[in-house]
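I opened a new notebook page for this one. My plan is to look things up one at a time and jot down what turns up.

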Amino acid sequence: MSYNSTIYNGDYYRSHCGECYERGNGWEEIFARQAERIVKELAPQNVLDVGCAAGYLVEGLRDRGVDAWGIDISEYAIAQVREDIRPFCQVSSATEKIQRKYDLITCIEVVEHLDPQQYSKAIENMCSATETVLFSSTPFDYNEESHFSVNSIGFWCRLFAYNGFFHDVDYDASYIAAQAMLFRKREVTVPELTLRYEEKLFSLWNENVSLRY
């Protein structure tokens, strides 16, 4: 399999997403809840969902008054977008230059489908078009045949850091997935970054220890 439109067809969405990725299977409700949290906690005026598939997150955000847009490489997926939302979603690759700026870019379980040259370009593209990225990529699912680049959380954090974006460890993005992270563009010194990360690490470590004893 490869990162192209023909692979991500009806059969793929019916059989490669854990549950059948079609309307009526609860996906609209899942993404509506995610959209609610994004609106409440991040308050973006405009959003681009990179790898939007059938546009569930885009519709959830638009239903809540956000100027949301989506891109996906799959012609099949874009054809499944809710009719009133379809004008705001288009067939486009994550590796293509993003033409405008957004308050927030979301990229949920997408980059593991790309090879190294492609995912580096995709992350560079996102970082050039926003100052905030809500990002998730499985570090576990090696069995899915379309996953070419399953990597650790730290791996992706390093790539974002090369682009001047750092994990906001104070933001809990677990309503997306356990591995989800919010990246913000920041000019920060190593001592400042170390302080922020070590304080968060100790807080979590102390909580873990208290649960064990």
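**Entry 1: a strand pair to start with.** I picked I108 and looked for its bridge partner in β5, which turned out to be S136. I noted that this is a predicted model. The strands behind that pair, β4 and β5, run parallel and share four bridges.

**Entry 2: the other neighbour of β5.** Next I looked up β7, residues 181–185, which pairs with β5, residues 132–136, in the antiparallel sense, again over four bridges. One pair I wrote down is V133 with F183 of β7. I reminded myself that strands in a sheet pair through backbone hydrogen bonds, either parallel or antiparallel.

**Entry 3: how enclosed is β5?** I checked how many of its residues are buried, and the count is five of the five, so β5 is largely enclosed by the rest of the structure. Then I sorted them by face. T132, L134 and S136 sit on one side, V133 and F135 on the other, and both faces are covered. That split fits what I know of regular strands, where side chains alternate between the two faces of the sheet.

**Entry 4: the whole sheet.** I wanted the full strand order, so I traced it: β3-β2-β1-β4-β5-β7-β6, an open sheet of seven strands with mixed pairing. Which strands are at the edges? They are β3, residues 89–91, and β6, each of which pairs on one side only. From one strand to the next the twist averages 20 degrees.

**Entry 5: the two edges.** At the β3 edge I found three bridges to β2, residues 67–72, in the parallel sense. In that pairing G70 stands opposite C89 of β3. At the other edge, β6 (residues 165–167) is joined to β7 by three bridges, and these two run antiparallel. I noted F166 with R184 of β7 as one of the bridge pairs.

**Entry 6: a closer look at F166.** F166 is in strand β6, so I asked myself whether it is buried or exposed. With a relative accessible area of 15%, F166 falls under the 20% cut-off and is buried. I then listed its contacts, leaving out neighbours within four places in sequence: A161, L182, F183, R184, R186, V188, L193 and Y197. Out of curiosity I also took the distance to A54, which is 112 residues away in sequence and 29 Å away in space, C-alpha to C-alpha.

**Entry 7: two helices side by side.** Packed helices are described by the angle between their axes and the distance between the axes, so I looked up both. Helix α5 (residues 116–128) packs on helix α6 (residues 153–162) at about 55 degrees, with the axes 10 Å apart. The two are therefore oblique to each other. The crossing of α5 with α6 is right-handed. On the α5 side the contact uses Y119, S120, I123 and C127; on the α6 side it uses F155, W156, L159 and F160. By type, that gives seven nonpolar residues, one polar and no charged.

**Entry 8: what covers α6.** I made a list of buried residues in α6 and got F155, W156, C157, L159 and F160. What lies over them? The cover includes α5, β5, β6 and β7. Just after α6 comes G164, which has a positive phi near 85 degrees.

**Entry 9: N125.** Back in helix α5, I stopped at N125. N125 counts as buried, at 4% relative accessibility. Its contacts, not counting residues up to four places away in sequence, are A94, T95, E96, K97 and I98.

**Entry 10: odd backbone angles.** Most residues other than glycine have a negative phi, so I went looking for positive ones. A53 has a phi near 55 degrees and is not a glycine. I found A53 in the loop between β1 (46–50) and α3 (56–62). A53 is buried, with a relative accessible area of 8%.

E109 also has a positive phi, about 55 degrees, without being a glycine. E109 lies in the loop between β4 (104–108) and α5. Its relative accessible area is 25%, so I put E109 down as partly exposed.

Note on methods. Residues numbered from 1 in each chain as written. Predicted model: local features only at pLDDT ≥ 70, side-chain atom pairs only at ≥ 80, totals over all residues. Heavy atoms only, no water. Pairing = 2+ DSSP bridges. Axes fitted to C-alpha atoms, helices over the stretch in contact; angles between N-to-C directions. Parallel < 35°, antiparallel > 145°, perpendicular 65-115°, else oblique. Left-handed = near helix turned anticlockwise from the far one by under 90°. Contact = heavy atoms within 4.5 Å. Nonpolar A, V, L, I, M, F, W, Y, C, P; charged D, E, K, R; others polar. Buried < 20%, exposed > 50% of the residue type's maximum accessible area, 1.4 Å probe, protein only.
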